[in-house]
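Subject: Structure for you to look at

Hello,

Here is the structure I said I would pass on. Please open it next to this message; my notes follow below.

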There are 4 protein chains.
Amino acid sequence: MLGYAFMGKAHSNAFHKIAYMTWPPPLEPKLVGIAGRNAEAVQEAATRYGYEYATDDWRNLVADERIGLFDNGGPNSLHAEPTIAAANAGKHVVCEKPLGRGADESFEIWRQVAATGVKHMCAFNYRFVPAVRLARELIEAGELGEIRHFRVRYLQDWGDDPALDTWRFHADEAGSGAIGDLMTHAVDVARFLNGEVATVSGFAKTFIPGREVDDAAEAAVEFENGSVGTLEATRFAHGRRNALQWEINGTKGALAFDMERFADLQVFKQGGRVRGFTTVQVSEADHPFAQHWWPPGHVVGWGDTFVHELHHMLDAIANDTDVAPYGATFEDGYRCAEVCDAIVRGGRQELRYRTV
Amino acid sequence: MLGYAFMGKAHSNAFHKIAYMTWPPPLEPKLVGIAGRNAEAVQEAATRYGYEYATDDWRNLVADERIGLFDNGGPNSLHAEPTIAAANAGKHVVCEKPLGRGADESFEIWRQVAATGVKHMCAFNYRFVPAVRLARELIEAGELGEIRHFRVRYLQDWGDDPALDTWRFHADEAGSGAIGDLMTHAVDVARFLNGEVATVSGFAKTFIPGREVDDAAEAAVEFENGSVGTLEATRFAHGRRNALQWEINGTKGALAFDMERFADLQVFKQGGRVRGFTTVQVSEADHPFAQHWWPPGHVVGWGDTFVHELHHMLDAIANDTDVAPYGATFEDGYRCAEVCDAIVRGGRQELRYRTV
Amino acid sequence: MLGYAFMGKAHSNAFHKIAYMTWPPPLEPKLVGIAGRNAEAVQEAATRYGYEYATDDWRNLVADERIGLFDNGGPNSLHAEPTIAAANAGKHVVCEKPLGRGADESFEIWRQVAATGVKHMCAFNYRFVPAVRLARELIEAGELGEIRHFRVRYLQDWGDDPALDTWRFHADEAGSGAIGDLMTHAVDVARFLNGEVATVSGFAKTFIPGREVDDAAEAAVEFENGSVGTLEATRFAHGRRNALQWEINGTKGALAFDMERFADLQVFKQGGRVRGFTTVQVSEADHPFAQHWWPPGHVVGWGDTFVHELHHMLDAIANDTDVAPYGATFEDGYRCAEVCDAIVRGGRQELRYRTV
Amino acid sequence: MLGYAFMGKAHSNAFHKIAYMTWPPPLEPKLVGIAGRNAEAVQEAATRYGYEYATDDWRNLVADERIGLFDNGGPNSLHAEPTIAAANAGKHVVCEKPLGRGADESFEIWRQVAATGVKHMCAFNYRFVPAVRLARELIEAGELGEIRHFRVRYLQDWGDDPALDTWRFHADEAGSGAIGDLMTHAVDVARFLNGEVATVSGFAKTFIPGREVDDAAEAAVEFENGSVGTLEATRFAHGRRNALQWEINGTKGALAFDMERFADLQVFKQGGRVRGFTTVQVSEADHPFAQHWWPPGHVVGWGDTFVHELHHMLDAIANDTDVAPYGATFEDGYRCAEVCDAIVRGGRQELRYRTV
């Protein structure tokens with residue numbers, strides 16, 4: 001594990017729970033080593049989460065032959081080099097989003113890692129929210145018909161303070177602001193549910209003078225399937241702590257989700273007098289991921305999405321199956337970055353995707 | 001009254017109710033004449049709503065000296081000529097939205113009517129939803145601080161049928177589709193609550209081959225006050241019958257509204273542990289328009305917005321006060337049209353407004 | 001019309017709107033006379049609502065041969081005598097709820113009026129909320145299967161002030177407090193949707209020392225169909241202005257309603273993965289009462305329930321059809337009173353209903 | 001640990017997570033032994049959750065001197081004897097609800113365990129839902145003023161099948177049905193937030209012929225603080241999987257909760273124009289339990305209530321602090337049973353509580 005803070009905690013917790021909640025687990029995770037810049041903090045994290053050792057040099061993890069999976073939860077500037085090095089060392093790799101600081105770096109990570117043949121996953125954990133996965137399954141089953149609209153916004157509100165400082169505000173470490181942090185999630189959900197983006201017409205916005213990265217981004221969007229909608233990401237939507245909200249409208253039905261009602265999917269089907277959105281609490285026995293957890297009506301939490309996500313990765317490793325399409329690969333990470341870069345360029349942009 | 005269908009019914013009902021619900025009324029409306037193309041239908045409407053006479057030629061209304069207020073609820077192609085003629089005849093005028101079929105026609109209506117000195121109102125009735133008016137008052141009182149975001153979408157779903165035919169799908173009669181019908185409402189609410197639009201980056205979309213008008217429109221938007229967001233209007237959002245949804249986020253608070261919860265305003269204020277959106281049912285004694293109606297907790301309906309709107313117009317006439325800023329004038333109708341035209345042009349557009 | 005205040009306004013507005021909104025109307029209402037205790041106030045009401053004359057003696061209305069329908073919206077102590085007198089004079093009668101001040105008086109009103117052969121309606125207007133009527137129709141159609149539960153609470157919060165004084169707090173004028181005012185509505189909805197009450201186990205409660213009437217009432221309830229649940233009515237539920245909330249659960253489905261979301265019915269049907277309550281905005285073309293109003297998605301308000309209710313009464317008169325089962329008769333008014341009295345008696349009570 | 005099924009899984013997961021999520025933990029849990037009737041299943045559970053050994057005789061756990069905390073998650077008929085034996089052996093004890101099969105058995109468990117001086121907790125985990133704990137803290141701080149009403153219902157829908165069989169339907173193993181399973185939770189929440197119950201007026205109901213236990217229970221209730229309301233518990237509320245819903249109304253404010261919106265507390269405070277319930281997503285830094293988890297807006301799940309609950313117990317053991325009032329003791333378990341028994345007796349019952 002690279003990183004011991006927010007994502008380090010989330011991933012470590014998931015590895016622990018996979019061992020007994022997803023029973024039998026595809027692989028029994030062993031927490032070998034954890035790396036971080038602050039030697040004291042990373043040592044405490046190793047003690048806390050049960051890693052065998054701590055190190056302040058990620059190269060020690062890359063060199064450790066006992067490690068089969070390298071999980072990169074470090075800041076964005078530490079995504080490319082360690083992830084590529086780990087893959088070159090033959091380790092499967094998980095990398096937090098955004099994959100790189102822009103489309104070029106993301107493409108390079110994908111290209112070089114893909115060449116090694118290891119399994120790679122970009123950690124878009126919202127694919128593993130039960131409601132989001134159920135949405136994907138309903139769409140795949142044709143329940144929505146021809147898609148007309150997709151709109152998504154990822155609203156947070158912690159960024160509106162000139163005195164705040166974190167690596168997330170520094171261009172060299174973060175690459176971008178709300179774009180890389182939130183818009184990537186929005187675009188990944190859009191692509192996961194509605195396919196590739198064809199054009200964007202929008203812009204990025206920085207509210208705080210002197211801030212190196214964007215605070216918000218807005219776009220009108222066309223998809224390759226002919227549907228249209230909007231994309232939004234912001235750290236300045238006061239009142240919305242962590243609201244990933246999306247809606248998709250098709251000729252036969254529609255779906256809507258708001259992460260402020262984490263457990264629920266809103267489902268509309270054309271019908272008779274009983275016409276409207278049905279609030280589905282996604283915890284039934286035949287709902288995604290429910291087999292790992294509790295009886296119907298007993299919901300999981302945000303942290304549990306990582307259990308689903310890393311279980312998926314371990315399963316792909318154990319059974320040599322594809323990470324795609326239910327997990328995001330580095331190709332997905334790269335394609336999100338192309339959309340984000342196009343929004344930053346501003347005005348109307350047609351998307352062009354590179355291939356390896 | 002010009003028009004006897006949907007808007008003719010809505011306006012006639014309002015004139016009746018003003019006489020006893022808004023007590024004492026600023027003026028006692030007398031329903032003199034009603035005009036429409038179908039002689040039999042307009043005669044039935046006159047009987048039904050209690051107009052003294054029916055006519056199939058609106059010029060008869062313009063020529064009738066007893067008529068002091070000309071209310072135009074006809075199709076868009078009948079907005080310009082009758083409205084201008086009535087104003088030239090010295091009558092105050094109400095005209096349904098969109099004011100004209102595009103910015104040029106809208107400008108001409110405004111320019112010529114303004115020159116006559118009569119009162120003019122563009123019938124953006126959603127300004128007269130109690131929740132929307134309360135929002136305006138809270139914003140004016142500075143409760144939101146500096147505005148960061150405004151997003152609005154007007155979602156309907158009745159247009160997705162190639163076999164449907166109505167004047168609303170014909171370019172000559174309607175001028176545009178979802179743009180003039182719905183996006184004007186969205187833009188008017190945006191301007192009413194958040195001020196002028198500075199740039200739009202978007203496009204219009206027609207899904208049905210051969211349809212003469214747009215089915216949907218999408219845009220990213222910057223406002224003159226520095227806030228950013230999205231605009232959307234569509235007749236293809238399956239599952240949403242009549243969902244005008246908007247949200248505004250400022251440094252001190254936020255507001256949200258969904259017409260599917262017609263009576264409610266969502267209000268967020270920065271605070272302590274009790275942090276979140278408050279659902280305000282806008283029917284308290286000190287809430288807008290409540291003095292005309294019932295005790296707290298007894299809500300009004302969609303049709304009652306026209307009572308508020310036309311009461312406002314009668315009050316402006318009786319007391320020679322301004323229709324603006326709580327009512328929309330023809331200048332507002334024109335400015336909305338400029339924003340709409342800019343979306344239709346596509347890509348990034350800076351707004352330029354003409355003045356008279 | 002007897003009464004010019006809250007109910008006088010609500011009923012007068014309805015008679016006006018019936019004339020043109022429910023087209024063609026079953027009968028064209030003519031507002032002949034209005035009675036009330038305060039001569040000045042009743043005269044202003046006559047002017048305002050367009051009654052031909054005002055009187056401070058209801059006997060003048062009873063004696064007026066032009067009056068065919070006597071609508072009693074006076075205080076509870078004025079329900080029995082004028083209503084019975086009007087019926088004896090051959091007039092059809094509408095009487096506000098509660099029918100009488102307790103079961104005995106209610107029974108007498110029913111017995112004497114029924115003997116005259118006129119049409120009688122007890123004005124339980126919530127039967128005429130579109131969502132409530134749709135619920136009734138779905139239940140009649142067997143959509144819920146065998147009923148297991150019905151629970152209802154009518155929550156208001158205006159009564160918690162020792163300094164307040166109104167006729168509603170005086171035992172001689174009101175008969176009871178929350179019981180007659182709110183519990184009657186709750187019980188009527190229960191009976192309308194789920195049939196007769198078999199037993200209640202509960203009590204009434206007065207919070208304010210010296211207040212002559214109850215402030216709240218609570219009961220556990222068994223219905224004749226074997227289902228069980230709770231009944232509650234209160235003027236002390238701070239935070240709830242006018243929340244009539246009920247839910248019914250059957251083996252095949254369930255329905256729920258909250259008057260704070262006036263337009264919506266929540267509908268649950270057993271099914272597959274899409275399992276949950278559907279929020280139905282009751283304004284579709286095939287929904288109850290929609291034929292009188294607007295296109296789908298344009299909701300009516302609280303005041304419009306009286307349009308539906310009095311239209312139903314005029315229709316029964318014009319076509320000599322039964323007020324029951326969709327309207328409440330005086331028998332319904334009496335039976336509600338029996339349930340209410342049983343709650344007041346306290347402890348477990350089996351219901352015994354008298355017949356005429 | 002006694003029990004390896006639903007509660008065994010929930011508790012074992014909690015012990016694992018306490019070790020690293022609540023950092024530093026008050027005590028580092030070691031999973032020594034697990035007992036259950038089915039030798040094969042309990043052995044698999046030991047392997048899965050990491051217990052050192054499995055046994056089909058709980059007496060082996062009682063005899064094991066390394067065990068300091070005995071956690072009883074077995075069926076109700078196995079609550080009394082093992083729990084008392086463990087306490088007599090000097091072990092601290094946690095026992096799932098209901099404490100015993102009725103008030104008499106519950107009293108005996110409390111009396112005998114209290115005599116030993118060990119720490120005891122009855123596992124009412126809903127006290128440890130963040131929203132419920134925040135409610136308690138707001139009430140303790142006087143935010144609600146004088147309480148007028150408390151109503152609670154615990155609605156599930158899995159029981160309406162005559163073919164179903166589980167120990168929960170057998171009188172000897174379960175003692176009761178919805179009463180012990182669900183009403184105890186409802187009563188505990190009521191007591192936790194609103195204090196002691198003074199009278200109940202209600203009944204229990206069995207729908208399925210031949211079923212040995214109750215399927216539902218209904219009651220009107222008075223509290224010692226003078227407030228009144230209703231209690232309901234059922235396994236027959238079709239459409240409601242796991243809906244623990246309660247509301248409390250006081251003179252200065254009100255609170256409401258619905259477990260179908262697990263993360264949220266609804267908070268009403270008297271105020272000005274912005275009047276209504278505020279939806280508080282209970283995940284802010286200064287909200288209960290948040291210090292263990294994620295940034296604001298990232299919610300926990302149902303399973304995490306056990307982390308909070310058992311952390312509280314370990315903390316009480318480590319620091320020799322009281323389990324009460326935030327955790328439920330065996331006295332709380334007993335008092336809930338008295339209320340439940342009173343409902344079963346039917347009609348109006350005044351509560352009498354025994355003391356040790």
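Start with how far the model can be trusted, since it is predicted. Chain A has a mean pLDDT of 97, and 100% of its residues reach 70 or more. For the complex, the predictor gives an ipTM of 0.96 and a pTM of 0.97.

Chain A by itself

The secondary structure of chain A consists of 10 helices and 14 strands. Its radius of gyration is 20 Å, and the globule rule gives 21 Å for 356 residues; the two are close, so chain A is as compact as a globular protein of that length. Along the principal axes, the C-alpha atoms of chain A fill a box of roughly 60 × 50 × 40 Å. Of the 356 residues in chain A, 64% are buried. I also looked at contacts in chain A between residues at least 6 apart in sequence: 66% of these join residues at least 24 apart.

How the chains are related

Chain D is superposed on chain B by a rotation of 180° with 0.0 Å of shift along the axis, and the RMSD is 0.0 Å. That is the relation of a two-fold axis. Within chain D, the C-alpha nearest this axis belongs to Thr278(D), at 1.9 Å from it. Both copies use the same surface, as 100% of the contact residues of chain D recur in chain B.

Chain A can be placed on chain B in a similar way: a rotation of 180° with 0.0 Å of shift along its axis superposes them, with an RMSD of 0.0 Å. Here too the same surface serves both copies, and 100% of the contact residues of chain A recur in chain B.

Where chains D and B touch

How many residues does each chain bring to the contact between D and B? There are 13 from chain D and 13 from chain B. On the chain D side, strand β13 (residues 276-281) provides the largest share, 6 residues. Sorted by class, that side of chain D has 4 nonpolar, 5 polar and 4 charged residues.

Strand β13 (residues 276-281) of chain B is joined to β13(D) by 5 bridges, and the two strands run antiparallel. For one of the pairs to find on screen, take Gly276(B), whose bridge partner in β13(D) is Val280(D). Thr278(D), the residue mentioned above for its C-alpha 1.9 Å from the axis, is a good place to centre the view.

Best wishes

Key:
Residues are numbered from 1 along each chain as its sequence is written. Chains are lettered from A and ligands numbered from 1 in the order in which they are written. This is a predicted model: local features need pLDDT of at least 70, side-chain atom pairs count only at pLDDT 80 or more; totals for chains, interfaces and linings use all residues. Copies are superposed by least squares on the C-alpha atoms of residues with pLDDT of at least 70 in both. Two residues are in contact if their C-beta atoms, placed from the backbone, lie within 7 Å. pLDDT is the predictor's confidence in each residue, from 0 to 100. Helices (H or I, at least four residues) and strands (E, at least two) are DSSP runs, numbered from the N terminus. The radius of gyration is taken over C-alpha atoms; the globule rule is 2.2 Å times the number of residues to the power 0.38. A residue is buried if 20 or more other C-beta atoms lie within 10 Å of its own, exposed if 12 or fewer, and partly exposed in between; C-beta atoms are placed from the backbone. Ala, Val, Leu, Ile, Met, Phe, Trp, Tyr, Cys and Pro count as nonpolar, Asp, Glu, Lys and Arg as charged, and the others, Gly among them, as polar. Two strands pair if DSSP finds at least two bridges between them.
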